[in-house]
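Thank you all for coming; I would like to use these few minutes to walk through one model. Please bring up the sequence and the structure, and I will go from buried residues to sheets, then to the spaces inside, and finally to the backbone.

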Amino acid sequence: AIHELSCEAYKHLGKTTNYYWIDPDGSGALGPLKVYCNMTVANLCSFVFFQIVHFKKVVLFKKKKIQHLSCSLQLWIRSINALWSTTSLMHHNFAFSFLAEGNPYTWWVGKANEKHYYWGGSGPGIQKCACGIERNCTDPKYYCNCDADYKQWRKDTGMLSYKEHLPVSQVVVGDVDRPGSEAKVSVGPVRCQGDRNYWNAASFVTSSSYLHFSTFQGETSADISFYFKTSASDGVFLENLGNTDFIKLELKSATEVSFSFDVGNGPVEIVVRSPSQLNDDQWHRVNAERNVKQASLQVDQLPLEVRKAPTEGHTRLELYSQLYVGAAGGQRGFLGCIRSLRMNGVTLDLEERAKVTPGVKPGCSGHCTSYGMYCANGGKCVEKYNGYSCDCSKTAYDGPFCIKDVGAFFEEGMWLRYNFHSPGTSMKDLVSRTLLSSTDPEITAPDLNLNKEELSFSFSTTKSPCVLLYISSYTQDFMAVLVKPAGNLQIRYSLGGTKEPYNIDIDHRNMANGQPHTVNITRNGRDIVLQLDHYPPTSYSLPAASDIQFNSPKALFLGKVIEIGKIDQDIYKYNTPGFTGCLSRVQFNQIAPLKAALRPTNASSHVHIKGELVESNCGASPLTIPPMSAATDPWHLDSVFNSLFTASADFPYNGQAIGDGVNRNSAIIGGVIAVVIFTILCTLVFLIRYMFRHKGTYHTNEAKGAESAESADAAIMNNDPNFTETIDESKKEWLI
């Protein structure tokens, strides 16, 4: 097969949502289908779409009392049926509208050309529409809106989900021959969900365990593919025997996979050697093929090994024994997992056979070992019977792989408060400690003090000044992230022990430029690490007199601070009118306040909102290509300024405590002016040389004495005495 078998296979190749060709029967005779794969849906499902009919008006044809409406699926019906056998769920959206003076008589034709009289939202044999099931039809005497026989348009719509009857291939509409009778039909796309074959697996727990199936019919063509995972150094994957013929796939060593067979011309073996270990308990893919022309073997993405078949001799592979998967012939069996075993386009149901076979277990654990890296941004990989899922509950992200931003747009005056303590509970409550704890919490009981915290979020705004984020406490401690009037970012810590808060200012960047910016702040005791966007992290340290505990945190505010008691003067000044813009993926330790507000969970009771919070991705990822380092980027300001001045620059942050910060604006302006003047001078020198390039003396090859000679030939003869001989010889004439 040229194409993958399903959207699930494309997803685990790292593909994103798009149109793809899939081949449900693999190397079988059926052709591929072009489908739309939605990789963003939860629980690792994949959707497949076929667009069919969109609200087509049913027109009377040749005075017939019924009209047949084809859905143009006949060419693909066999391929769709192959897809049907692999999917977990299948849906078909259906809508029917009618304007009539009599009772319509309609049905639809599905799989196996059977007529069906139930409609979307209903089920087989019920002969009702969705409104009849829910008892809310236009006319309560009928079970469908279109049966009401009104002179206004009425509509019945719903999802057909009984997979054994799908897809819809034809709709028959009757009673449209009378004056005033009209009908419209809309048959939506087919949606297929899941891939049962991709995760069909069995675990071989003893070296003598195996599964057996009927004899493999691969006389002239054999196509075998599967995934395996093991920590053993050798073992037989599968084997099928004949009188002298055989076919076998095995793991010969920790780095070698062998494909061997005999069709009567003597044994043939193809070996693929991997530069890395194959018994690393990771999933590896094997593809083996044999036909009358050649045989081939491929492991993962390693080069394909090919062996040509002899021009003369036997070509048919004649087998008679059962097919053994896992072990055979008294040899050492396979220890590990095998999944998605397909032979000539047919997936062998390993799970069902494993349920009744000693020493073999259905399914396979340890999927997270191979695919856990796909759970991004702190998402936790969760093992499932037939796959895995990503738990994003402790992150500020959403989606199947925890990569979807959860953000919201804040209008002027809006604010969000997240209380760290549940209503009616004390500060010492165990639940609150769990909420505030990070992955390695340092919380001192009973006061719930923090020795370290992790804060990350993304924002975009065009207005300044404003308060982006503020964390209050039951004491005077607080932490704040501000945008100053000039658009500069400031992080402010007040943990006690000092008269003034400790400030980190990022002086040389305007953060209120409407572009998305990402902020990551990590504090561990006295040490603070700040990272802005994709620039390298910068380290800071709290003053020696400062406390290192964040005492009794109370609430987290976004957009505006609404707190009782004394508030820092600058924060109070920046608090009006409030933040306007977008905030996304906000996370403080394991608390995601925006996600708690937009995705109702148990933590939603901690959230209070003023205004209407509208979900938005406007704060999604900033520039994804990291900039060159200062050492390698010739245009980086550090490199330019360090070559012009002895003072070093610390762009892009230059973020230092206010007490020892130095303003370098004059040095930067002077450096830029010097570079511009130097460039202008170089340009002038180049232009002057270009304008005067034709002036001066030049040398020619003219013969000496040319000035006094009567002609050019005379000048040459005067200068070269031997030239006359050449002229005499050239005057000779020949008559032929």
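Let me begin with one residue, Ser-296, which is buried, with a relative accessible area of 9%, where buried means under 20% relative accessible area, exposed means over 50%, and partly exposed covers what is in between, all with a 1.4 Å probe and protein chains only. Before going on, I should say that this is a predicted model, in which local features need pLDDT of at least 70 and side-chain atom pairs count only at pLDDT 80 or more, while totals for chains, interfaces and linings use all residues. Residues are numbered from 1 along each chain as its sequence is written, and side-chain values use heavy atoms, with hydrogens and water left out.

Ser-296 sits in strand β19; helices (H or I, at least four residues) and strands (E, at least two) are DSSP runs, numbered from the N terminus. What does Ser-296 touch, leaving aside its neighbours within four places in sequence? With contact taken as heavy atoms within 4.5 Å, the partners of Ser-296 are Phe-259, Ile-270, Asn-287, Ala-288, Glu-289, Leu-304, Glu-305 and Val-306.

Stepping back to the whole protein, there are 12 helices and 44 strands, and buried residues make up 46% of the 736 residues. Of the contacts with a separation of 6 or more, 66% are between residues 24 or more positions apart.

Now to the sheets. One open sheet of 7 strands runs in the order β37-β36-β35-β34-β41-β30-β43, with antiparallel pairing, two strands being counted as paired if DSSP finds at least two bridges between them. At its edges are β37 (502–506) and β43 (607–610), each of which pairs on one side only, and the twist averages 10° from one strand to the next, the axes being lines fitted to C-alpha atoms, for helices over the stretch in contact, with angles that run from 0 to 180 degrees between N-to-C directions. Within this sheet, β34 (residues 466–473) and β35 (residues 478–483) run antiparallel and are joined by 5 bridges, and Cys-466 stands opposite Val-483 in β35.

A shorter example is the hairpin of β6 and β7, where β6 pairs with β7 (residues 115–116) in the antiparallel sense over 2 bridges, and Trp-108 stands opposite His-116. Strand β6 (residues 106–109) is covered on both faces, with Thr-106 and Trp-108 buried on one side and Trp-107 and Val-109 buried on the other. There are 5 residues between the two strands of this hairpin, and Ala-112 takes a positive phi near 60°.

Which residues lie closest to the centre of the largest pocket? A pocket is an open set of points on a 1 Å grid over the protein atoms alone, with protein on both sides within 12 Å along at least five of seven lines, whereas a cavity is a set of points where a 1.4 Å probe fits but cannot get out, and lining residues have an atom within 4 Å of a point. Grid points are joined across faces, edges and corners, and a volume is the space filled by probe spheres set on the points. The largest pocket holds about 840 Å³, and of its 34 lining residues the closest to the centre are Glu-4, Tyr-227, Arg-285, Asn-287 and Gln-301.

There are also 5 cavities of 30 Å³ or more, and the largest cavity has a volume of about 80 Å³. Its lining includes Glu-4, Tyr-227 and Arg-285, and β13 gives the most to that lining, with 3 residues.

Finally, the backbone. Most residues other than glycine have a negative phi, and most peptide bonds are trans. Against that background, Ser-464 and Pro-465 are joined by a cis peptide bond with omega about 0°, and Pro-465 lies in the loop between β33 (452–461) and β34. The bond from Thr-576 to Pro-577 is also cis, with omega near 5°, in this case with Pro-577 in the loop between α7 (569–574) and β42 (581–588).

Asp-300 has a positive phi of about 50° and counts as partly exposed at 26% relative accessibility, while Ser-552, with a positive phi of about 50°, counts as buried at 8%. Asp-300 is in the loop between β19 and β20 (305–308), and Ser-552 is in the loop between β40 (538–541) and β41 (553–558).
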